[in-house]
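Got the viewer open? Load the model and get ready to click along, one selection at a time.

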Amino acid sequence: MTNQTKIAVVTGSNRGLGYAISRKLSQIGIHVVLTSRNETDGLTAKQQLSGEGLDVNYHLLDVASDTSVADFTQWLQQTYGKVDILVNNAGINPTAKSEEASLLTVQLETMQATFNTNVLAVLRISQALIPLMKVNNYGRIVNVSTEMASLSTITSDYYPLAPSYRLSKVGVNGLTVLIAKELHDDNILVNAYSPGWMKTDMGGENAPFTAEEGAETAVYLATLPDGGAQGKFFAEIRKFGGPIQLQW
Ligand SMILES: NC(=O)c1ccc[n+]([C@@H]2O[C@H](COP(=O)([O-])OP(=O)(O)OC[C@H]3O[C@@H](n4cnc5c(N)ncnc54)[C@H](OP(=O)(O)O)[C@@H]3O)[C@@H](O)[C@H]2O)c1
């Protein structure tokens with residue numbers, strides 16, 4: 001690792017999409033800090049990638065906890081003094097619960113827990129890590145969303161209603177635009193994307209795409225050139241053969 005090496009933080013990188021994004025970023029020479037809320041799972045993921053000869057580090061990070069984010073930020077500051085790339089990937093999806101079949105039955109506790117992990121965590125971590133990006137006036141923030149959160153199609157019957165999950169990702173999209181607006185004078189580019197339906201624990205076996213395929217757009221957004229897209233919503237690259245913007 002040299003002074004020029006880019007440092008990336010990927011939340012929820014012990015499995016699924018976060019692991020695939022971490023692997024791909026490491027393969028192109030970025031130093032990835034894997035994070036997870038369960039230390040054993042995270043260290044296992046680190047061992048697997050190190051075993052492939054990839055340069056990764058690991059630290060505990062529960063995105064739903066203020067204390068955990070504060071501890072992690074202090075460690076990052078002491079260890080690297082900066083961060084270049086943040087991928088807000090960690091998420092939960094309570095859609096399988098029967099109460100989620102209607103907004104009239106959805107439990108507010110479920111919605112609050114989903115918002116804490118999926119939305120407030122993005123704000124919590126962005127607030128903590130953006131100062132470490134400003135150190136070098138360089139940053140790329142990738143917020144993992146879903147096309148199910150596009151307000152232009154939210155009433156379509158094509159997707160399950162999934163109120164807690166979808167509304168939380170609407171919140172992620174809103175945060176993306178507003179944080180990008182606040183950073184318009186900085187070289188810190190903030191974008192959201194939909195990785196598509198993937199074969200992960202969340203997506204299930206019937207999904208058409210792998211987490212590796214879903215990771216492609218994250219890598220594109222994490223490595224945007226200066227002056228690149230800011231405050232936009234992208235679809236998965238492999239579906240369209242290139243970066244395509246979605247309607248909010
Ligand atoms: N799968 C799909 O088809 C699909 C489609 C569109 C968007 N997405 C989005 O893609 C992202 C990754 O999903 P996935 O399919 O990879 O799901 P997954 O296999 O269920 O993985 C979710 C990851 O998030 C972590 N996580 C959850 N709560 C956390 C917390 N409080 N702190 C730290 N980590 C936490 C999990 O950790 P544990 O192992 O500890 O639970 C796990 O590493 C999510 O934002 C999801 O909404 C997925």
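Before we start, one bit of vocabulary: a crossing of two helices is right-handed if the near helix is turned clockwise from the far one by less than a right angle, and left-handed if it is turned anticlockwise. Keep in mind, too, that what you have on screen is a predicted model.

**Stop 1: helix 3 and helix 4.** Select residues 66–79, which are helix 3, and add helix 4, residues 108–134. Helix 3 passes helix 4 in one of those right-handed crossings. Their axes are 10 Å apart and the packing angle is about 15 degrees, which makes helix 3 roughly parallel to helix 4. Now show side chains: on helix 3 the contact uses Asp-66, Val-69, Phe-72, Thr-73, Leu-76 and Gln-77, and on helix 4 it uses Arg-124, Ile-125, Ala-128, Leu-129 and Leu-132. Colour that contact by class and you get 7 nonpolar, 2 polar and 2 charged residues.

**Stop 2: helix 4 and helix 5.** Keep helix 4 and add helix 5, residues 163–182. Which hand does the crossing of helix 4 and helix 5 have, left or right? It's right-handed. The axes come within 8 Å and cross at roughly 20 degrees, so helix 4 is roughly parallel to helix 5. Among the residues in contact are Phe-115, Val-119 and Val-122 of helix 4 and Tyr-165, Leu-167 and Val-172 of helix 5. By class, this contact has 12 nonpolar, 7 polar and 1 charged residues.

**Stop 3: the sheet.** Switch to the strands. There are 7 of them in an open sheet, with parallel pairing, in the order 3-2-1-4-5-6-7. Click the edges, strand 3 (56–60) and strand 7 (233–234): each pairs on one side only. Strand 7 is joined to strand 6 (residues 188–193) by 2 bridges, and Tyr-193 stands opposite Phe-234 there.

**Stop 4: strand 5.** Select residues 139–144. Are they buried or exposed? 6 of the 6 are buried, so strand 5 is largely enclosed by the rest of the structure. Gly-139, Ile-141 and Asn-143 sit on one side, with Arg-140, Val-142 and Val-144 on the other. Next door, strand 4 pairs with strand 5 over 4 bridges, and Leu-86 has Ile-141 as its bridge partner.

**Stop 5: helices over the sheet.** Bring helix 4 back: it lies across strands 1, 4, 5 and 6, running at about 175 degrees to strand 4. Finish with helix 2 (residues 39–51), which lies across strand 2 and strand 3, at about 180 degrees to strand 3.

Conventions: Residues numbered from 1 in each chain as written. Predicted model: local features only at pLDDT ≥ 70, side-chain atom pairs only at ≥ 80, totals over all residues. Heavy atoms only, no water. Axes fitted to C-alpha atoms, helices over the stretch in contact; angles between N-to-C directions. Parallel < 35°, antiparallel > 145°, perpendicular 65-115°, else oblique. Contact = heavy atoms within 4.5 Å. Nonpolar A, V, L, I, M, F, W, Y, C, P; charged D, E, K, R; others polar. Pairing = 2+ DSSP bridges. Buried < 20%, exposed > 50% of the residue type's maximum accessible area, 1.4 Å probe, protein only.
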